[in-house]
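I opened this model to look up how its strands pair and what lies around one of its helices. My notes are below, in the order I made them.

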Amino acid sequence: MTLVAMAPRIETGQIDIDAIKDQYPLANEVRRHLSLKPRGTTLVGLCPFHMERTPSFTVYPQEARFHCFGCDAHGDIFDFLYRQSRLDIRAAAERLHPDRSLGTAYGYLRCSTARSPV
Ligand SMILES: [Zn+2]
């Protein structure tokens, strides 16, 4: 089954990073660690990665990414989990997707290492 009409997806082996992102909205994960308030189409909160009193940590729910205007931390849910909990992509996939995490995560790792020259 091939889904050709969809937006470009990162499909590496058995893992589908975008599918995990779709299933587990970044904002939900971020809310486990800090509170977010709506600001326009974004959500803002106190950055967990540096000390601040006025929120500059911004989540873009539609793009599934975050950016901190204070310390320049940015990325997607996997970057957030790595920075917040030191979870690498395999551990993050396990946490977000416990059912088929191992296979998918290993599939991803295998593909990413396969790219580098031996
Ligand atoms: Zn920050």
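These entries go from the whole chain to the sheet, then to one strand and one helix.

**Entry 1. Overall.** I am working from a predicted model. I counted five helices and seven strands in the protein chain. Along the sequence I read the pattern β-β-α-α-β-β-β-β-β-α-α-α. Of the 118 residues in the protein chain, 19% are buried. I also looked up the contacts with a separation of 6 or more: 36% of them are between residues 24 or more positions apart.

**Entry 2. The sheet.** I traced an open sheet of five strands in the order β3-β4-β5-β6-β7, with antiparallel pairing. Its edge strands are β3 (37-39) and β7, each of which pairs on one side only.

**Entry 3. β5 against β6.** I found four bridges between β5 (residues 57-60) and β6, in the antiparallel sense. I noted V59 as the bridge partner of F66 in β6, and F57 opposite C68 in the same pair of strands. The two strands form a hairpin with four residues between them. In that turn, A64 has a positive phi of about 55°.

**Entry 4. β6 against β7.** On this side I found two bridges, joining β6 to β7 (residues 74-75), and the two strands run antiparallel. H67 stands opposite H74 in β7. This is again a hairpin, with five residues between the strands. D72 in the turn has a positive phi of about 70°.

**Entry 5. Faces of β6.** Which side chains of β6 point to the buried face? I went along residues 65-68 and found that the side chains alternate. F66 and C68 point to one face and are buried. R65 and H67 point to the other face and are not buried. Going back to the bridges, I see that buried F66 is the partner of V59, and buried C68 stands opposite F57. H67, which is not buried, is the residue opposite H74.

**Entry 6. Helix α3.** Which residues of α3 (residues 77-85) are buried? I listed I77, F78, F80 and L81. These buried residues cover an arc of only 160° around the axis, so they are on the same side of α3. I then looked up what covers them: the list includes α1 (17-23), α2 (26-31), β6, β7 and α4 (89-96). Just after α3, I noted that R86 takes a positive phi of about 55°.

Methods
Residues numbered from 1 in each chain as written. Predicted model: local features only at pLDDT ≥ 70, side-chain atom pairs only at ≥ 80, totals over all residues. Buried ≥ 20, exposed ≤ 12 C-beta atoms within 10 Å, placed from the backbone. Pairing = 2+ DSSP bridges. Contact = placed C-beta atoms within 7 Å. Arc of directions from axis to C-beta.
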